[in-house]
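Me: I have a model open in front of me and would like to understand the words used to describe it. Could we go through them together?

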2 protein chains.
Amino acid sequence: MPQVPARQRILDTAFRLFYSRGLRAVGVDLIIAESGVAKATFYKHFPSKEVLVLAYLDRVDDIWTGQLRAAAEAAGPDPADQLVGLFDALGTACRREGYRGCAFINAAAEAEPGTPVHERTVAHKLAVRSWVRDLAAGAGAADPDGLARTLTLLLDGGLASGALEASPDAATCAQESARVLVSAAVTG
Amino acid sequence: MPQVPARQRILDTAFRLFYSRGLRAVGVDLIIAESGVAKATFYKHFPSKEVLVLAYLDRVDDIWTGQLRAAAEAAGPDPADQLVGLFDALGTACRREGYRGCAFINAAAEAEPGTPVHERTVAHKLAVRSWVRDLAAGAGAADPDGLARTLTLLLDGGLASGALEASPDAATCAQESARVLVSAAVTG
DNA sequence: AAACTAACAGACAGGTCTGTCTACAATCAA
DNA sequence: TTGATTGTAGACAGACCTGTCTGTTAGTTT
């Protein structure tokens, strides 16, 4: 009896390899070898590589969304504080060993528009922005939509920059700018 | 006598295909076929695919840097106006047919850290930020470094978002935020 | 005990990738 | 005319890709 089920081992390995090396750079043979699974087992759980990629993206979505919400809630009950606090998740991510930016942005860069991978990325970004917009509305922003757009721009910029230089300066800078923009949008 | 030299045809084709489909998705055979060139000719001008990719990135750097400077200068002589005006280049880019985001960010997503392609991307982003910092210093910002960091975050965020939804809302929103942040950083 | 399930091991097919190679044609300068 | 340059055309090698297939082993259920 395996300590960890085969499906889980495949997904764990895929998560690590896809994120650190990219989708096209990692073949199923490598995932099969590193997860210590038989090829037939792999294709039983994931009928094609694309299915595995989508499962990987779904897991990333779960994790990242959870981290954003946790960071926001840790900032206290005030939605305006939460809008600033969510950037703590960005700082934590940038500091993490092996950080390579946003898995969704990276995936979209390898997928053509209209493909499931690309659309999953669009859906993820829309969901995050929608959540930020709700916070902005709760904070009493004059233009919740605009504020959400701006803050997600900063967030995506920080995610993209973090992939290039591991310095967390971008994250703290994004957070400071968020503080300025939030207070300007709420009081104004 | 060919109207356009072979080297130019190869580079033009590579530019179009690499940008629209990604580096790994486009093989040299496709570039050779679409540029109407013999394989030996291709490898005479570009000893390896990576050399061609770097030449592609250099061209992107030339074009994008030129567009940023032109947009900045079109905003007038005041550096503070130029810091806001450079976002016009982002709006123009997002509106362009077949826009797929920042070629450098996309390239970095497909390249491992430490590779020439990745380092070329880092160098490009540093060069842009250095130029923005000079503008910020000229505008009399209290913290030119921080302002440059913030504005390039917005810029990269806009470039990344634009790859997902073709709407130019992100660009105008980024510009409005830039206006707020610049005036806050200059007067403050 | 027999049947079923899940997993293992790995050969195989058909395709694509990069890069090298040979052979041939056109142009231009000495 | 001869030779150098630049190009075309395409076969080829060796590696890697995804996905299918056969066959074996171990544990569970009936």
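Me: Which elements each supply at least two residues of the surface near DNA strand C?

Reply: Happy to start there: they are α3 of chain A together with α2 (28-35) and α3 of chain B. An element here is a DSSP run, either a helix (H or I, at least four residues) or a strand (E, at least two), numbered from the N terminus. A residue counts as near the DNA strand if its C-beta atom, placed from the backbone, lies within 6 Å of it. Of the 17 residues around DNA strand C, those that come nearest are Ala38(A), Lys39(A), Thr41(A), Gly27(B) and Ser48(B). Before we go on, this is a predicted model, in which local features need pLDDT of at least 70 and side-chain atom pairs count only at pLDDT 80 or more, while totals for chains, interfaces and linings use all residues. Residues are numbered from 1 along each chain as its sequence is written, and chains are lettered from A and ligands numbered from 1 in the order in which they are written.

Me: How many nonpolar, polar and charged residues does the surface near DNA strand C have?

Reply: That surface has 9 nonpolar, 4 polar and 4 charged residues. Ala, Val, Leu, Ile, Met, Phe, Trp, Tyr, Cys and Pro count as nonpolar, Asp, Glu, Lys and Arg as charged, and the others, Gly among them, as polar.

Me: And which residues come nearest to DNA strand D?

Reply: Gly27(A), Ala6(B), Ala38(B), Lys39(B) and Thr41(B) come nearest, of the 17 residues around that strand. The elements giving two or more residues to this surface are α2 (28-35) and α3 (39-45) of chain A together with α3 (39-45) of chain B.

Me: Why is α10(A) called roughly perpendicular to α9(B)?

Reply: Their axes cross at roughly 85° and come within 9 Å. Axes are lines fitted to C-alpha atoms, for helices over the stretch in contact, and angles run from 0 to 180 degrees between N-to-C directions. Angles under 35 degrees count as roughly parallel, over 145 as roughly antiparallel, 65 to 115 as roughly perpendicular and the rest as oblique. The angle of roughly 85° therefore makes α10(A) roughly perpendicular to α9(B).

Me: Which residues make that contact?

Reply: From α10(A) come Asp169(A), Ala170(A), Cys173(A), Ala174(A) and Ser177(A), and from α9(B) come Gly146(B), Arg149(B), Thr150(B) and Leu153(B). Two residues are in contact if their C-beta atoms, placed from the backbone, lie within 7 Å.

Me: What makes α8(B) oblique to α9(B)?

Reply: Here the angle is about 130°, with the axes 8 Å apart. That value falls in none of the named ranges, so α8(B) is oblique to α9(B). Among the residues that meet are Val128(B) and Val132(B) in α8(B), and Leu147(B) and Leu151(B) in α9(B). The contact divides into 8 nonpolar, 1 polar and 4 charged residues.

Me: How many residues does each chain give to the contact between chain A and chain B?

Reply: Chain B gives 33 residues and chain A gives 33 residues. The largest share of chain B's side, 10 residues, comes from α9(B). By class, that side has 15 nonpolar, 9 polar and 9 charged residues.

Me: How is chain A divided into domains?

Reply: Domain 1 covers 1-47 and domain 2 covers 53-187, with bounds from an automatic or database domain assignment. Taken over C-alpha atoms, their centres are separated by 28 Å. Each domain of chain A gives 10 residues to the contact between them.
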